[in-house]
Amino acid sequence: MPSAQQSGLPVTPEEPSDDQLRRQRLEKLDRIRESGTNPWPTRFERTHTLAEARSAFGEDGDPLHVRLAGRLVAFRDLGKLSFAQLQDGTGKLQISFQLKDLGERYEDLRNLDIGDFIGISGYLWRTSRGEITAGVHDFQPLAKSLRPLPEKWHGLVDPEKRYRQRYLDLITNDEVRRVFETRTRIISGMRRWLDERGFMEVETPVLQPLYGGAAARPFVTHHHALDRDLFLRISDELYLKRLIIGGFDKVYEISKDFRNEGIDSTHNPEFSMIELYQAYADLGDVMTLTEDLVRALALEVLPDGSIECAEAVIDFRQPFARLSVREALQRWAGIDVLEATDDELAARANLPVAVGRGKLVDELLSNHVEPQLVQPTFLTDWPVELSPLAKRRIDEARLVERFELFVGGVERANAFSELNDPIDQRARMVDLAKRRVAGDVEAAPVDEDFIEALEYGMPPTGGLGIGIDRLVMLLTGQTSIREVILFPQMRTLQ
């Protein structure tokens with residue numbers, strides 16, 4: 001919190017508590033009202049943002065009259081001259097108050113606190129140190145802050161408090177603001193890149209009568225008018241494929257998905273995805289698209305297209321590696337996934353055979369392979385047990401045409417040559433439903449409506465899903481998903 005001098009309060013032997021500061025601010029609020037001033041006016045007409053004012057002043061330093069607004073984030077009283085720092089959504093700017101300019105109103109500064117929003121009118125000038133400054137000739141409160149901001153020099157550092165009170169995090173931590181500004185640039189870049197290549201952005205239901213498109217436990221809600229349970233989507237895949245069936249050749253959706261799962265550094269129950277589908281394309285086409293898209297986004301937000309991740313430098317200008325699941329497991333787990341029996345896989349994974357071959361392979365990949373995939377790597381040719389919506393390889397029916405893109409040891413994207421054979425699709429969904437009956441809570445039910453849609457015919461299609469949160473983590477150098485979600489899900493405080 002600000003010191004007594006910074007907030008205009010008398011110096012006391014002990015720093016006042018937050019409750020004391022709040023009471024003092026309420027007293028100042030009363031004084032503002034008693035002066036006939038509205039501490040929360042409806043609007044303020046400004047001529048420039050702070051960044052625009054700084055730019056407009058230019059190198060010549062010609063006098064420029066401005067009306068600016070923002071939050072006071074620093075204050076220094078030098079007697080007849082005071083300096084403060086104003087902050088808005090575009091940055092910060094120093095402002096100065098002088099007794100000779102303000103006259104009796106100079107005393108009203110004592111009713112201001114760090115955290116207050118104010119509007120000012122004055123002229124820009126440059127200090128002897130060359131800092132552009134707005135000399136204030138008039139000011140008015142725009143919103144009185146009744147609670148002190150976190151301590152000036154260290155900001156908000158407790159992660160739990162930062163996530164629960166993100167608004168304070170954004171006020172006090174410039175780097176956090178930059179992360180979320182970069183996130184917006186990444187998502188805008190995705191849209192622009194896909195739109196330029198003929199993809200159409202669409203919207204599909206968040207509330208679904210059946211969930212599918214991924215292996216996950218869903219969130220369930222009840223619709224009272226229909227008197228039925230509905231599910232928050234775990235994926236928008238099956239609806240986007242319906243649009244391919246309906247005749248749209250290139251579609252994408254940037255969506256919120258919801259999975260009733262644990263919370264850790266790469267998982268949040270509510271997360272953002274982009275899924276896209278392209279008719280008459282296969283996995284090779286999607287692999288090229290993915291590499292080109294990720295590289296374009298990296299070059300847009302990283303000065304030289306590279307970033308440090310997992311103690312390595314990732315240079316996105318270099319070609320992405322390609323490695324099959326079989327080769328990877330042979331190299332790092334010492335087992336041949338195609339030749340090994342279920343018992344051998346279970347022994348290597350240290351799990352019971354009853355969990356199923358797919359989960360055994362997934363466990364081996366998670367523990368032995370994924371941590372090794374630091375540089376951008378397409379992990380290809382997945383076992384069919386792990387890919388119920390992907391097309392089988394023509395030369396090896398036990399594998400499917402699928403890749404996952406790993407960077408920094410974390411999955412960032414997932415893609416298929418989409419299964420468009422309704423007979424094979426039904427059989428795989430039935431197998432999943434049997435696993436669900438046996439106790440697998442992540443197995444999806446049979447979606448008869450989707451099967452019926454497939455029976456009308458879906459052209460050969462390539463599909464891709466990218467976890468936006470994880471991609472933003474990668475391109476901003478963050479190791480926790482909570483650092484790139486403005487309001488992550490949090491446990492209830494005890």
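Which residues of H7 are buried? Before getting to that, keep in mind that this is a predicted model. The buried set in H7 runs Glu237, Leu238, Tyr239, Leu240, Lys241 and Arg242, and then Ile244. Helix H7 spans residues 237–245, and with 7 of its 9 residues buried, it is mostly covered. Just past the end of H7 you'll come to Gly247, whose phi is positive, at about 115°.

Now step back along the chain to a little sheet. It's an open one, built from 3 strands in the order S7-S9-S8, and the pairing is antiparallel. S7 (207–208) and S8 (220–223) sit at the edges with a single partner strand each, so each has one side left without a neighbour in the sheet. As a reminder, strands of a sheet pair through backbone hydrogen bonds, either parallel or antiparallel. Have a look at how S8 meets S9 (residues 228–232): the two run antiparallel and are joined by 4 bridges. If you want one spot to zoom in on, pick Thr221, which has Leu230 in S9 as its bridge partner.

Last stop: helix H8, which covers residues 283–301 and holds Thr290. Is Thr290 buried or exposed? Its relative accessibility is 0%, and buried means under 20%, so Thr290 counts as buried. What does Thr290 touch, once you leave out residues up to four places away in sequence? The list is Phe378, Phe403, Leu405, Ala413 and Leu464. So to picture the surroundings of Thr290, show those five side by side with H8.

Note on methods:
Residues numbered from 1 in each chain as written. Predicted model: local features only at pLDDT ≥ 70, side-chain atom pairs only at ≥ 80, totals over all residues. Heavy atoms only, no water. Buried < 20%, exposed > 50% of the residue type's maximum accessible area, 1.4 Å probe, protein only. Contact = heavy atoms within 4.5 Å. Pairing = 2+ DSSP bridges.
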